[in-house]
Amino acid sequence: MNQKSMPTESCSCWNLIITSPTKTPSSSPSSSSTTLNSDTYNKSLKPTLNSRISHLCTTTNAAFLDRKQTVLSASCTMGSTNESASAQEKQPLFSFGIISDVQYADIPDGRSFIGVPRYYRHSILVLQRAVQNWNHHKKLKFVINLGDIVDGFCPKDQSLNAVKKVVNEFDKFNGPVYHLIGNHCLYNLPRKQLLPLLKIPGVDDHAYFDFSPTPEYRFVVLDGYDVSAIGWPQDHPKTLEALNFLHEKNPNSEKNSPSGLVGLERRFLMFNGAVGKEQLEWLDGVLQEASNLKQKVVICCHIPLDPGTSSPEALLWNYDQVMDVIHRYNCVKLCLAGHDHKGGYSIDSHGIHHRALEAALECPSGRDAFGHVDVYDDRLSLIGTDRMHSTDMCFKLQENC
């Protein structure tokens with residue numbers, strides 16, 4: 001991961017800064033914080049720091065640390081022992097399960113277009129273990145599936161049964177399941193057939209909606225394929241709008257090829273999509289209402305909304321327009337996504353956390369990628385299983401994070 005998107009682990013008393021191997025600059029001590037060089041850190045505070053972090057803060061995404069990043073400095077704002085104990089004893093307001101990109105198909109294992117192994121038959125076993133885990137937890141209020149439940153390589157005469165088979169596994173969870181649609185879902189079935197199977201409460205085959213599990217929180221589910229060349233009838237205005245857009249932005253005859261596109265332009269691919277004008281207006285209204293009610297908001301979209309979270313090829317076409325709406329308000333705390341199978345995490349310029357989930361599809365035999373999120377007043381803590389890395393996302397007062 002590049003330095004721009006390197007995460008900072010945050011908790012109420014410690015702030016561990018991950019940096020590239022460079023010389024640590026000296027800084028003047030102050031009454032409220034202390035900056036430590038690596039020698040002092042290793043000799044004096046490392047044992048205490050590790051102990052405190054293990055109790056207060058779930059380690060954020062080990063995958064983000066595997067590019068030979070080195071902890072060179074740690075800055076800390078000291079809190080009282082009573083404050084620490086209080087943070088440890090605090091119970092979440094509620095919890096919910098998460099998984100993404102199951103992409104089941106009854107076909108032999110294969111690889112992505114860049115050569116990453118994909119385990120089509122095993123992915124439903126990952127889902128089964130996830131549901132067992134969620135039910136064993138007993139305190140999960142609901143589950144969110146971030147999209148792509150069946151793979152595009154699923155034989156088309158098996159698509160309907162494959163979708164029903166995966167939905168049946170989700171239905172074994174002892175609570176509501178909220179599904180998002182992804183590109184692979186739409187490769188298999190048209191919207192008109194898919195949305196009722198997934199129990200998505202959209203209007204006119206649109207797949208965006210919101211719900212409030214508690215008075216303090218609202219979840220907003222976006223339809224990232226609102227404007228798309230897949231899923232709608234070929235002569236539908238949304239299809240025509242998408243094809244015209246791709247013709248303008250991507251000169252390649254193969255519209256899933258980023259050849260010749262540079263930087264963020266590489267998102268203009270057919271397997272991505274956009275949020276349409278009406279949905280943007282709806283989003284603005286929902287966020288205004290949430291702000292009036294003093295609710296904290298979690299945005300869910302299959303396609304990532306921040307360049308720091310994913311590769312350019314996996315971004316929403318008009319992520320910038322969507323974020324412009326979101327940044328008008330202070331209520332949004334987290335944007336969850338799938339689509340970019342390796343996963344990712346970033347914090348944008350307005351302090352909003354962005355987390356793309358690791359794909360269930362890319363788990364070899366015996367491996368897993370699912371989790372649950374504990375929701376508090378001042379943070380959301382993703383507790384990941386195996387290949388889904390845990391991430392503690394603090395958003396209260398900046399001085400306490």
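This passage looks at helix α8, the sheet it packs on, and some aromatic pairs.

The model is predicted, so to speak of local features a pLDDT of at least 70 is needed, side-chain atom pairs count only at pLDDT 80 or more, and totals for chains, interfaces and linings use all residues. Residues are numbered from 1 along each chain as its sequence is written, and side-chain values use heavy atoms, with hydrogens and water left out.

Helix α8 takes in residues 277–292, 16 in number; helices here are DSSP runs of H or I with at least four residues, strands are runs of E with at least two, and both are numbered from the N terminus. From first C-alpha to last, α8 reaches 23 Å, close to the 22 Å expected at 1.5 Å a residue, a span worked out as 1.5 Å times one less than the number of residues. Its buried residues are Q279, L280, L283, V286, L287 and A290. Seen down the axis, they fall within an arc of 125°, so they line one face of the helix; the arc is that of the directions from the helix axis to the C-beta atoms. Turned away from that side are the exposed K277, E278, E281 and N292. Buried means under 20% relative accessible area and exposed over 50%, with partly exposed in between (1.4 Å probe, protein chains only).

What does α8 sit against? It packs on a sheet, touching β10, β11, β12 and β13, where contact means heavy atoms within 4.5 Å. The direction of α8 makes about 175° with that of β11; axes are lines fitted to C-alpha atoms, for helices over the stretch in contact, and angles run from 0 to 180 degrees between N-to-C directions. The cover over its buried residues also includes α9 (319–326).

The sheet itself is open, with six strands in the order β10-β11-β12-β13-β15-β14 and mixed pairing; two strands pair if DSSP finds at least two bridges between them. β10 and β14 stand at the edges with a single partner strand each, so one side of each is left without a neighbour in the sheet. β13 and β15 run parallel, joined by four bridges, and C335 has H354 as its bridge partner in β15. H354 is also among the residues touched by T309, which lies in the loop between β12 and α9 and counts as buried at 4% relative accessibility.

As for aromatics, the whole structure holds 18 pairs, a pair being Phe, Tyr or Trp rings (for Trp, the six-membered one) with centres within 6.5 Å; planes under 30 degrees apart count as stacked, over 60 as edge-to-face and the rest as tilted. The rings of Y208 and W282 have centres 4.8 Å apart and planes at 50°, so this pair is tilted. W282 belongs to α8, 74 residues from Y208.

Terms used. Lists of a residue's contacts leave out its neighbours within four places in sequence.
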